[in-house]
Amino acid sequence: WFLEKTKTLLKDNFKKDYKSLVKGDCFVWCDFVDPKATFYQEVTDQERLVGVVQECLNDYNTMAKRGMDLVLFLAAAEHVCRIVRVLKTPLGNCLLVGVGGVGSE
């Protein structure tokens with residue numbers, strides 16, 4: 001419903017079409033895809049985002065006693081971006097809730 005509301009508000013208040021402003025299907029912002037940038041940028045290359053998150057996971061797995069054998073896909077990378085944003089804020093914390101038994105096989 002949020003996306004539909006955003007499209008309606010853009011059209012009614014700003015006389016702009018959503019597709020003319022937002023390129024691509026993924027609407028994710030982060031500051032870690034480009035290591036030179038210190039500000040948030042819109043992620044336009046989803047494959048690069050998944051690659052960067054996979055690279056961070058590989059770095060973690062080389063240092064940890066027990067690595068995490070995870071399959072990363074775009075939706076998981078989007079959630080990682082959201083979690084990183086929350087944890088970078090002062091006193092930032094979040095509660096992650098998942099369905100029990102999902103992904104255990």
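A residue is counted as buried when its relative accessible area is under 20%. In this predicted model, E78 has a value of 18% and is therefore buried. Its partner in a salt bridge is R82, with the closest N and O atoms 3.9 Å apart. R82 is partly exposed, at 37% relative accessible area. Both residues belong to helix α4, where a spacing of four residues places them about one helical turn apart.

In total, the structure contains three salt bridges. Another joins the side chains of K7 and E4, at 4.0 Å from N to O; these two lie three residues apart in helix α1 (residues 2-14), again about one helical turn. The remaining pair, D31 and K88, meets at 2.8 Å, N to O. Here the bridge links distant parts of the chain, since D31 sits in the loop between β1 and β2 (41-42) and K88 in helix α4, 57 residues apart. With a relative accessible area of 15%, D31 is buried.

Helix α3 offers a pleasingly clear picture of sidedness. Its buried residues are L49, V50, V52, V53 and L57. Viewed down the helix axis, they fall within an arc of 160 degrees, so they line one face of α3. Their cover includes β1 (29-30) and α4, whereas E47, E55 and T62 are exposed on the other side of the helix. The end C-alpha atoms of α3 are 26 Å apart, in agreement with the span expected for 18 residues.

Beyond α3, the loop leading to α4 (74-88) holds M68, which is partly exposed at 37% relative accessibility. Setting aside neighbours within four places in sequence, M68 contacts L57, Y60 and N61.

Note on methods. Residues numbered from 1 in each chain as written. Predicted model: local features only at pLDDT ≥ 70, side-chain atom pairs only at ≥ 80, totals over all residues. Heavy atoms only, no water. Buried < 20%, exposed > 50% of the residue type's maximum accessible area, 1.4 Å probe, protein only. Contact = heavy atoms within 4.5 Å. Expected span 1.5 Å × (residues − 1). Arc of directions from axis to C-beta.
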